[in-house]
Amino acid sequence: PLTWRNQTATPTLKPPPKRQSLSFMKRRMRRLAAQWASAARRLDDKLRNHWREQKRILVHVGFLTEESGDVFSPKVLKGGPLGEMVQWADILTALHVLGHDLKISVSLKELFLGVPPGRGSCPLTGPLPFDLIYTDYHGLQQMKHHMGLSLRKHKCHIRVIDTFGTEPAYNHEEYATLHGYRTNWGYWNLHGQQYMTMFPHTPDNSFMGFVAEELNETERLNIQRNKVNNMAVVYGKEANMWKGKENFLSILHRYMDVHGTVYYETQRPPEVPAFVKNHGLLPQQELQQLLRKAKLFIGFGFPYEGPAPLEAIANGCIFLQPRFSPPHSSLNHEFFRGKPTSRKVSSQHPYAEQYIGRPHVITIDFNNSEEFDATVEPFLPYEYTCEGMLERVHAYIQNQVSVQTTAGGSCVDACQSAGLICEPALYRFINIKECEGVESEINHLFPAFSAKHAECGLQQDPLLFSCAGSSVKYRRLCPCRDYRVGQVALCRDCL
Ligand code: UDP
């Protein structure tokens, strides 16, 4: 059974003070509910014949806990970062819509000490009552602190929501230590795909993403009819994102009406010129309305890789953004310094630059002027629609997780009873991923858990990976895949 330190305090049952971060997420979930529901119906049609398993999932959002300071809440209405909350709101919605059994925690007290209504015991006591745990780096740290070494055993169930990603060299403790890749974010020895990013950075990590609003045909037509050709919105909720852009703005103002959504208390911030129509920070819905009218959405270089450019493009704006030359990275830019990635960021929004591009996105050196006079249709990549996100999260949950046999069962049987087939070529993935190795052995039944002690053993010799074989001493770990009826050698989407 799981044990952890400091398990003495009694839980306080006072209602927590209003948390703006949670209110923001709630508003977003309500606003997008209909869109998620219709995406769910479409996916349901597609998956009609697929076997799906309901997972017990814990979502522990570390950065929102009071214990980590909940530094975001006080800034939600003041121009602080919202991208993380956008993503977590969408992850929670996707998991819920996919029908999984969710337990949500934004408080350490509740997670480790409190007794949630309707439950007789702490959610993390005893054998792990979850198949998957979605958390972030804060949450990971908190769990380690409270659970000590026993976290190791449960590592394979963890998924870390990690905006910018963690590359293998930084994640591998020994390698990071030997080669100078240790960072404050830690070297958790997870499998690279357990880190889930905001944009598809590298296939070493999984791409989680979020969604943007989708338009129906009528909305599309209305938007195109109502576009104001000379209206530009500047990307940047905080005044300091506008610093040093006076010249650029005054040239732009010769051709266009410039709008902004910069947070202010009583007076216009000095960084925002008087000719700018500043709306103050807008609720998400009102920002969408503004973007529906505007022709141009302009980035000044910060924030990096936020959701707003996708929303602008989805509402028919052209996104104009600066190219970074040389690219920004952990080597030359304060923001990325110490982050566990060596990625070279070539513009404010590399995804928009590389995956969307013209005519929707124009990435230029702001010191050179360039002409553009295009009319663009609203555009949203499928992977950022609700259906795209549901399909992806569904595939991760159903396919990234391997199957365990009962004691005495073989992998051939275990996969079969899940409507799948055992695929030995995939063993090399689960031999690291699903099993935090306590020992490794040359044994054709490995990787496997010992039935008695629930300890995990890895296979030492890849030549012995085998779907066949069983022993009452072991619960084997099996890689399964789908197959075509009448041609089981092939998976459904192969060829
Ligand atoms: N946003 C908003 N009101 C505004 C400006 C932005 O609600 O006036 C929302 C926007 O819809 C987007 C979110 O803030 O989904 C995150 O925006 P951004 O791209 O600036 O990323 P961040 O730096 O906040 O993570």
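# Exercises on a ligand and its surroundings

A polar side-chain atom of K237 lies 2.4 Å from an oxygen atom of the ligand. The model in which this distance was computed is a predicted one.

**Exercise 1.** State which residues come nearest to the ligand, and examine the polar approaches made by K237, L82 and Q284.

*Solution.*
Step 1. There are 18 residues around the ligand, and the nearest are L82, Y235, K237, L282 and E311.
Step 2. A polar contact requires a pair of N or O atoms within 3.5 Å. For K237, the distance from a polar side-chain atom to a ligand oxygen is 2.4 Å.
Step 3. L82 takes part through its backbone: one of its polar backbone atoms is 2.7 Å from an oxygen atom of the ligand.
Step 4. Q284 uses its side chain, a polar atom of which is 2.8 Å from a ligand oxygen.
Step 5. On its own, the ligand has 540 Å² of accessible area, and the protein covers 94% of this.

**Exercise 2.** Determine in which pocket the ligand sits, and describe the shell around the ligand by element and by class.

*Solution.*
Step 1. The second largest pocket holds the ligand.
Step 2. Two or more residues of the shell come from each of α3 (83-97), α11 (284-293) and α12 (308-314).
Step 3. The greatest share belongs to α11, with 3 residues.
Step 4. Sorted by class, the shell has 11 nonpolar, 5 polar and 2 charged residues.

**Exercise 3.** Describe the second largest pocket by its space, its lining residues and the elements that supply them.

*Solution.*
Step 1. The space in this pocket amounts to about 1,200 Å³.
Step 2. Its lining consists of 49 residues, of which F72, P81, L82, G83 and E84 are the closest to the centre.
Step 3. At least two lining residues come from each of α3, α5 (137-147), β7 (231-235), α11 and α12.
Step 4. Here α3 gives the most, with 5 residues, whereas in the shell around the ligand α11 gives the most.
Step 5. The lining comprises 28 nonpolar, 13 polar and 8 charged residues.

**Exercise 4.** State how many cavities of 30 Å³ or more the whole structure contains, and characterise the lining of the largest cavity.

*Solution.*
Step 1. The search finds 1 cavity of 30 Å³ or more.
Step 2. The volume of the largest cavity is about 30 Å³.
Step 3. Its lining is formed by R28, R31, L32, V211, A212, E213, Q288 and E311.
Step 4. By class, these are 3 nonpolar, 1 polar and 4 charged residues.
Step 5. E311 appears in this lining and is also among the residues nearest to the ligand.

Technical notes
Residues are numbered from 1 along each chain as its sequence is written. This is a predicted model: local features need pLDDT of at least 70, side-chain atom pairs count only at pLDDT 80 or more; totals for chains, interfaces and linings use all residues. Side-chain values use heavy atoms; hydrogens and water are left out. A residue is near a molecule or strand if one of its heavy atoms lies within 4 Å of it. A polar contact is a pair of N or O atoms within 3.5 Å; within protein, one must be able to donate a hydrogen and the other to accept it, and residues adjacent in sequence count only if both atoms are side-chain atoms. Accessible areas come from the Shrake-Rupley method with a 1.4 Å probe; for residues, only the protein chains shown count as cover. On a 1 Å grid over the protein atoms alone, a cavity is a set of points where a 1.4 Å probe fits but cannot get out, and a pocket is an open set with protein on both sides within 12 Å along at least five of seven lines; lining residues have an atom within 4 Å of a point. A molecule sits in a cavity or pocket if more than half of its atoms lie within 2 Å of its grid points. Helices (H or I, at least four residues) and strands (E, at least two) are DSSP runs, numbered from the N terminus. Ala, Val, Leu, Ile, Met, Phe, Trp, Tyr, Cys and Pro count as nonpolar, Asp, Glu, Lys and Arg as charged, and the others, Gly among them, as polar. Grid points are joined across faces, edges and corners, and a volume is the space filled by probe spheres set on the points.
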